[in-house]
Every structure is written in C-alpha cells, then in structure tokens.
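Biologist: Please take a close look at the salt bridges in this model. Start with how many there are, pick one pair, and then work outward into the surrounding fold.

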Amino acid sequence: MKYVRALETKKGRKKEGAFVAEGPKVTADLMNVATPIKLIATDDWFGEMHLPPHESRVVVSEEELKKISFLQHPQRVMGVFPLPDDHVEDADFKNKLYMALDGVQDPGNLGTIIRIADWFGIESIFCSHETADAFNPKVVQATMGSIARVKIIYTELNDLMGNLPKGTPVYGTFLDGKNIYDEMLDGHGIIVMGNEGKGISDELSTRINRRLLIPNYPENRPTADSLNVAVATAITCAEFRRRA
C-alpha cells in the first residue's frame with residue numbers, strides 16, 4: 001500500500017521509475033506494450049485474463065483494492081508499469097504530424113488530448129516542463145489506454161522549435177489567426193496548443209509560422225471568449241486529417 005501510494009506524486013514516480021494505471025481497459029492496453037512491475041487485482045479478474053501465476057501478481061479483495069485505489073470507484077485491477085523512455089530518435093517533421101503542448105496544466109485536459117492524438121494518428125507529443133505530468137493517475141485514467149500508444153516527451157519547446165528543419169510548418173491557434181477552414185494545412189509539421197488561460201506563451205508564439213483561428217458561428221455573434229483546449233485540439237486535428 002505504501003509503495004502504490006508513493007506513486008501518486010511526481011517525486012515518487014520519478015524515484016521508483018514507475019506509474020499506476022487502473023481499470024481493465026487501461027491496464028490491458030499497457031500490457032500490450034510493457035511488462036507490468038505489479039498487477040494488483042481481484043481473483044476474478046485474474047481468472048478472466050487466464051494469467052499464469054507470477055511473482056508480479058498480487059491478489060486482493062475489493063475492500064483492499066479500495067484502500068489503495070486512486071479512483072472513487074475502483075475497477076478490479078491496477079497495474080504498476082515502468083516509466084517509458086521519453087527519448088525520440090529521428091523525429092521526421094518533414095513527413096509526420098506531431099503535437100506540442102505549452103503549459104497545459106489540467107490533468108483531465110491533458111489526458112483527453114493524449115486520447116485525441118491517439119485517435120488521429122499523432123504518435124508523439126512534445127510537452128513543456130510546465131505541462132502537467134502525463135503519468136499522474138488522473139491523466140492516465142483520462143487517456144483511456146491511449147497513454148500506451150502515444151509517446152510523451154518533456155523538453156524545452158523553444159529549443160525544439162529552434163532546431164526544426166528549415167521550412168517545417170509550425171501551427172498554433174490564436175484569436176487573431178487565419179480561418180482554419182480556409183488555410184492550407186500540410187500533413188506534416190507540428191501543432192502547438194497552449195495553456196488553458198494564457199494560451200501559447202509570447203516567446204513560443206514567435207516560432208509559429210502558421211497562425212490559425214477556429215471561428216465561431218455566426219461571425220460577430222457574442223459568444224464565449226475561447227474554446228476548452230482539449231476541444232480546440234480535437235477540432236484542429238480533425239480538420240488536418242480531413243484534408244489528408
């Protein structure tokens with residue numbers, strides 16, 4: 001119990017080199033790409049999965065699972081997995097589409113964005129160090145298993161942008177941008193999404209060479225100040241893939 005609880009914090013995850021996933025769906029998806037350090041589950045879940053006895057298995061009752069779960073309603077299984085390597089070799093910005101997150105801080109938003117990236121075939125997301133930790137239990141849960149298929153890389157985004165191949169399209173959404181439905185969109189480059197309240201930072205904004213706007217309808221109608229960052233990400237990715 002002490003070990004699992006320690007993984008609730010970023011410091012604990014870094015120290016142990018591990019993170020927690022909960023529920024049959026998320027756990028099973030992660031088991032397809034990584035060997036669990038521990039599988040903590042009710043006996044019926046192990047029976048359904050037909051898993052052979054192993055030292056990583058820990059059988060618990062539903063009451064015991066409630067004591068260590070980070071969920072209000074535990075889902076029979078939680079897995080402890082090793083933190084993945086966040087190094088990306090040979091990023092191909094001339095042929096693939098990537099995403100960068102500049103200070104997205106809400107765990108629910110981050111988890112949803114990872115899930116959106118997975119849906120639209122974006123395999124890697126570059127995150128500023130101000131972005132929430134993708135391996136926070138709340139984020140992992142919100143990804144609904146997509147954390148197993150999308151690589152998360154924490155880095156200095158300004159340095160990343162400064163070293164992109166010449167001519168790489170760098171997209172960002174702004175209230176003074178050009179209508180996304182009218183602009184040319186390439187199937188490669190990098191899409192930058194900003195902080196929930198502040199948007200994309202001033203320094204990083206200077207690196208963006210394709211400023212986009214998701215227009216409201218009808219034009220000039222009084223409306224909300226902005227879209228939720230995860231919603232804006234979904235609209236943007238959908239438009240990119242519609243053109244592909």
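Modeller: The whole structure holds 13 salt bridges. The term needs a side-chain nitrogen of Lys or Arg within 4 Å of a carboxyl oxygen of Asp or Glu. This is a predicted model, where local features need pLDDT of at least 70 and side-chain atom pairs count only at pLDDT 80 or more, while totals for chains, interfaces and linings use all residues. Residues are numbered from 1 along each chain as its sequence is written, and side-chain values use heavy atoms, with hydrogens and water left out.

Take one pair. Asp29 and Arg149 form a salt bridge, at 3.5 Å from N to O. The two residues lie 120 apart and link distant parts of the chain. Asp29 is in helix H3 (residues 24–31), and Arg149 is in the loop between helix H7 (137–143) and S7. Helices (H or I, at least four residues) and strands (E, at least two) are DSSP runs, numbered from the N terminus.

Follow that loop into S7. Strand S7 (151–154) is an edge strand, as is strand S10 (210–213). Each pairs on one side only. Pairing here requires at least two DSSP bridges between two strands. The sheet is open and parallel, with 6 strands in the order S7-S6-S5-S9-S8-S10. Neighbouring strands are turned by 35° against each other on average, direction ignored. Those angles run from 0 to 180 degrees between N-to-C directions, with axes fitted to C-alpha atoms. S7 pairs with strand S6 (residues 124–127) in the parallel sense, over 4 bridges. Ile125 stands opposite Ile152 of S7.

At the other edge, S10 leads into a loop that ends at helix H10 (229–243) and contains Pro218. The peptide bond from Tyr217 to Pro218 is cis, with omega near -15°.

Now the other sheet. Its 4 strands run in the order S1-S4-S2-S3, open, with mixed pairing. Strand S1 (18–22) and strand S3 (57–59) are the edges, each paired on one side only. The twist averages 15° from one strand to the next. S1 and strand S4 (residues 77–82) run antiparallel, joined by 5 bridges. Ala21 has Gly79 of S4 as its bridge partner.

One backbone detail sits in the loop between helix H5 (62–68) and S4, where Arg76 is placed. Phi of Arg76 is near 70°, a positive value in a residue other than glycine.

Back to charge. Glu130, Glu156, Asp159 and Glu203 form a negative surface patch. Patch residues have over 30% relative accessible area and no salt bridge, with like charges joined within 9 Å and nonpolar side chains (Val, Leu, Ile, Met, Phe, Trp, Tyr) within 5 Å. Areas use the Shrake-Rupley method with a 1.4 Å probe. Asp159 belongs to helix H8 (residues 157–162).

Definitions and conventions:
Lys and Arg count as positive and Asp and Glu as negative; His and the chain ends are not counted. The place of a charge is taken as NZ of Lys, CZ of Arg, CG of Asp or CD of Glu.
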